[in-house]
Amino acid sequence: VAMFEDMGGRDFHYSGTLSAKGDLLALEGDYLIATDCYRRAMELLEMYVGRSEAFDRCEEKYLACVAKCGDRAKNLDRCRLFYEKNFADIFHEKFGEFEDRIAIGIVGEGSDAFGFDDAISRDHDYGLGFCIWIDDEVYDQIGSALKEEYDKQFSGAGADRLRERRGVFQARRFYEDILHC
């Protein structure tokens with residue numbers, strides 16, 4: 001792993017090394033760090049070869065480790081799983097024609113947006129959710145329907161402050177608020 005990182009971590013074979021490290025960590029019962037290895041391996045696989053059989057095998061191991069982590073799983077992992085299991089199909093089915101104009105992820109305020117969440121940071125503004133960014137034109141066309149669908153998935157979830165950080169946003173306004181410009 002160190003050798004690939006010294007070379008910049010941008011090699012297809014690095015994904016295999018990360019996956020193997022995840023396997024070893026999982027065998028040792030260190031599921032939390034194993035999830036990170038599998039997640040990074042999946043990102044590289046998707047970048048270099050797409051969602052292949054290797055990606056699917058890695059994702060299966062990743063999901064198993066996240067399940068074994070329970071509450072200790074990083075919120076980024078929990079939110080990604082929630083998106084993939086509960087929202088991705090709905091999103092594709094109802095808003096598929098706009099997929100190439102929509103971005104989904106987590107950025108901004110909150111330690112969990114950086115993967116730094118811990119027991120102390122989980123006592124406030126913490127929970128499932130993600131951001132959906134759309135341009136002004138798409139917002140005018142489907143913003144309300146997209147918000148409604150998102151809110152169905154997250155009704156009653158999270159503190160008020162978290163609801164301000166996650167949801168459907170006009171990309172321009174979101175980043176104006178974050179950057180204060």
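These legends describe an overview and several close-up views of a predicted model.

**Figure 1. Overall fold of the protein chain, with 8 helices and 3 strands.** Read from the N terminus, the elements follow the order α-α-α-α-α-β-β-α-α-β-α. The protein chain has 181 residues, and 38% of them are buried. Among its contacts with a separation of 6 or more, 68% link residues 24 or more positions apart. The accessible surface of the protein chain is about 10,400 Å², and carbon and sulfur atoms contribute 52% of that surface.

**Figure 2. Close-up of C37, a cysteine outside any disulfide.** A search of the whole structure gives 0 disulfides. For C37, the nearest cysteine sulfur belongs to C58 and lies 9.3 Å away. A disulfide requires two cysteine sulfur atoms within 2.5 Å, so a pair at 9.3 Å does not count as one. The relative accessible area of C37 is 2%, and C37 is therefore buried.

**Figure 3. Close-up of C58, also in no disulfide.** The nearest cysteine sulfur to that of C58 is the one in C37, 9.3 Å away. C58 is classed as buried because its relative accessible area is 3%, with the limit for buried residues set at under 20%.

**Figure 4. Close-up of a nonpolar surface patch formed by F12, M47, Y48 and V49.** Together, these four residues have about 370 Å² of accessible area. One of them, M47, is part of helix α3, which covers residues 31-48. M47 has a relative accessibility of 48% and so counts as partly exposed, since a residue must be over 50% to be called exposed.

Conventions
Residues are numbered from 1 along each chain as its sequence is written. This is a predicted model: local features need pLDDT of at least 70, side-chain atom pairs count only at pLDDT 80 or more; totals for chains, interfaces and linings use all residues. Side-chain values use heavy atoms; hydrogens and water are left out. Buried means under 20% relative accessible area, exposed over 50%, partly exposed in between (1.4 Å probe, protein chains only). Patches are made of residues with over 30% relative accessible area and no salt bridge: like charges are joined within 9 Å, nonpolar side chains (Val, Leu, Ile, Met, Phe, Trp, Tyr) within 5 Å. Accessible areas come from the Shrake-Rupley method with a 1.4 Å probe; for residues, only the protein chains shown count as cover. A salt bridge is a side-chain nitrogen of Lys or Arg within 4 Å of a carboxyl oxygen of Asp or Glu. Helices (H or I, at least four residues) and strands (E, at least two) are DSSP runs, numbered from the N terminus. Contact means heavy atoms within 4.5 Å.
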